[in-house]
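Please take a moment to bring up the model and its sequence side by side. We will walk through it together, one part after another.

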Amino acid sequence: MLKRAFVAPDPGRLRLRLRHATRAVLGIGLAVIVCGLAGHSLVGAVTGGLAALLALFTVTDPTVRGQAVTTALLPVVGLPVLALAAVLHDVPVARDLAFLAVMGAGVYARRWGPRGHSLGVFAFMAFFITQFLHTLPGQLPELYAAVLLSLLAASAVRFGLWCYERRLPAAPVLAPAAARGLARATTRQAVQAMVGGALALLAGQFLSGERWYWAVGATWWVFVNTTSRGETLVRSFRRVLGTVAGIPVGLLVIAPLHGSALPSAVLVALGVFGIFYTAAVSYTWMMFSVTVLAGTLYGLLGVLDPALLALRLVETGAGALGATVAVLLVLPVTTHATTDAWIQRALRCVHACTAEATARLAGSPTADPAPRVAELEALLGRVRLSLGPLVHPLSPFRARRARAGQVLALLDVCVREVRGLASVAADPEASHDARLAAACWRVEASVETLTSRVRRYRAAAAVEGALAPVHVAEPALAHLHSLERALAELAAPLHSSPRSPLVGA
């Protein structure tokens, strides 16, 4: 029974998420303890804990060595920004302009992949934390020491005590499509983030001259990990929903504690665990955890009350509204264009996986479909995220929602069958069969037809014509037959007009 629990397939990656969240609690807890032993104040401990959280949460390079390099670079960008924000604390106009510039640069840095993303987030949050804690230049030496100590503590846990990534295959990196100038999504989003941040900043300062930064922070986190107008709108909604869900915990659980150390520490640990455990599956629940964590920190600082929680909710709404206005009116990146690009890449990856499997079955010693399968699974995750706005329950476009759901279901079938085909091809007992090669060629032809710019009926006819009776007695042929059928069924939803109802719906 224990073997089944810990060795059996884990398609939802529940065990990995559990390890990820537990390690985060250990790493951040150790960072805070080290800061306390070094004699740092509560402000220093909070700053150090946030630095450790960001290092463990945002650093996602595909290799352990890359993760270590990125972690080492975090203070290189974070400490100067921390100093800049502290120096400008009493110069509101310059501070606000610098905050927006850091925000735009942080989004723009995504073009350099996971490392650029991590450094951009860390720089923004370094500016944010100075507003949260009202940092002054005289506090910088303590905060610098707290950040460095906390990063070392978090690294000791991540790369020393519990580096489970060493036993995992390197995750594929999905590079964005090449483009120049305003045609590039990161450039457009950087402009959108600065415009949305400016709107949020104005609204936030109108609501509160002291807590205005919550609105800017809400706008920033709405833009993180989104690439289209629809994704940003859905994320805005979920951010507000998660905040609303977390407010009662602040009122009923955190406020009565009056900053008591032990129960507050337990709530901080639960908040951190919730952030890391739910981030991959539910932004709403992650925001619930963030709200609990923020409320507990305010309780420790002695400023938590119902009015503050209500203000945070309103500021979050203002930030989400700023992001919404920006993505709708400023250089919008449409959901359809983004989704189409990711689906095309996923289908081409199906083609590449099948070609590798064919070569492996034909006896090629160098062919290996496994890396392509990992890339395909990552691409499916990106397609799922991109289609999220279309399949959202509140989407008013029923036909598009049905079409998007059909596309996701069929792509799931494609991934499952390609994975099965790769496992068969990896079997040293597998031998070349002419029927396998013929079926693989038909799959490749089907993909080429789907990714061409032809209309629905021509595409459907071409794909259906590519199908031929396949003997499914052998596992590889069974996988190929199911893959062919799924590709044939994809023709209708992919090549019909985005505004027309599904065929047969």
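Which residue takes a positive phi just after helix 12? Gly-302 does, with a phi of about 80 degrees. Before we go on, a word on the ground rules. This is a predicted model, in which local features need pLDDT of at least 70 and side-chain atom pairs count only at pLDDT 80 or more, while totals for chains, interfaces and linings use all residues. Residues are numbered from 1 along each chain as its sequence is written, and side-chain values use heavy atoms, with hydrogens and water left out.

Now for the overall picture. The secondary structure comes to 19 helices and zero strands; both are DSSP runs numbered from the N terminus, helices being H or I with at least four residues and strands E with at least two. Of the 505 residues, 50% count as buried, a term for under 20% relative accessible area, with exposed meaning over 50% and partly exposed in between (1.4 Å probe, protein chains only). Contact here means heavy atoms within 4.5 Å. Among contacts between residues at least 6 apart in sequence, 80% join residues at least 24 apart.

Let us return to helix 12, which covers residues 283–301. Its 19 residues reach 27 Å from first C-alpha to last, close to the 27 Å expected at 1.5 Å a residue; the expected span is 1.5 Å times one less than the number of residues. Helix 12 is mostly covered, with 14 of its 19 residues buried. Helix 19 (residues 475–495) can be checked in the same spirit: its 21 residues should span 30 Å, and its end C-alpha atoms are 31 Å apart, which agrees. Among the buried residues of helix 19 are Leu-477, Leu-480, Glu-484, Leu-487 and His-495.

Next comes helix packing. Two packed helices are described by the angle between their axes and the distance between the axes. The axes are lines fitted to C-alpha atoms, for helices over the stretch in contact, and angles run from 0 to 180 degrees between N-to-C directions. Helix 5 (residues 92–108) packs on helix 6 (residues 113–133) at about 155 degrees, with the axes 8 Å apart. The two are therefore roughly antiparallel, a label for angles over 145 degrees (under 35 is roughly parallel, 65 to 115 roughly perpendicular, and the rest oblique). Helix 5 passes helix 6 in a left-handed crossing, where the near helix is turned anticlockwise from the far one by less than a right angle; clockwise would be right-handed. Phe-99 and Val-102 are among the helix 5 residues in this contact, and Phe-124 and Phe-127 are among those of helix 6. The residues of this contact divide into eight nonpolar, three polar and one charged; Ala, Val, Leu, Ile, Met, Phe, Trp, Tyr, Cys and Pro count as nonpolar, Asp, Glu, Lys and Arg as charged, and the others, Gly among them, as polar.

Helix 6 also meets helix 3 (residues 42–58), their axes coming within 10 Å and crossing at roughly 160 degrees. Helix 3 and helix 6 are therefore roughly antiparallel, and the crossing is right-handed. Contributors include Leu-50 and Leu-54 of helix 3, and Phe-122 and Ile-129 of helix 6. This contact divides into 11 nonpolar, four polar and no charged residues.

Finally, look at two loops. Most residues other than glycine have a negative phi. His-134, in the loop between helix 6 and helix 7, has a positive phi near 55 degrees and is partly exposed at 32%. His-258, between helix 10 and helix 11, has a positive phi of about 55 degrees and counts as exposed at 71% relative accessibility.
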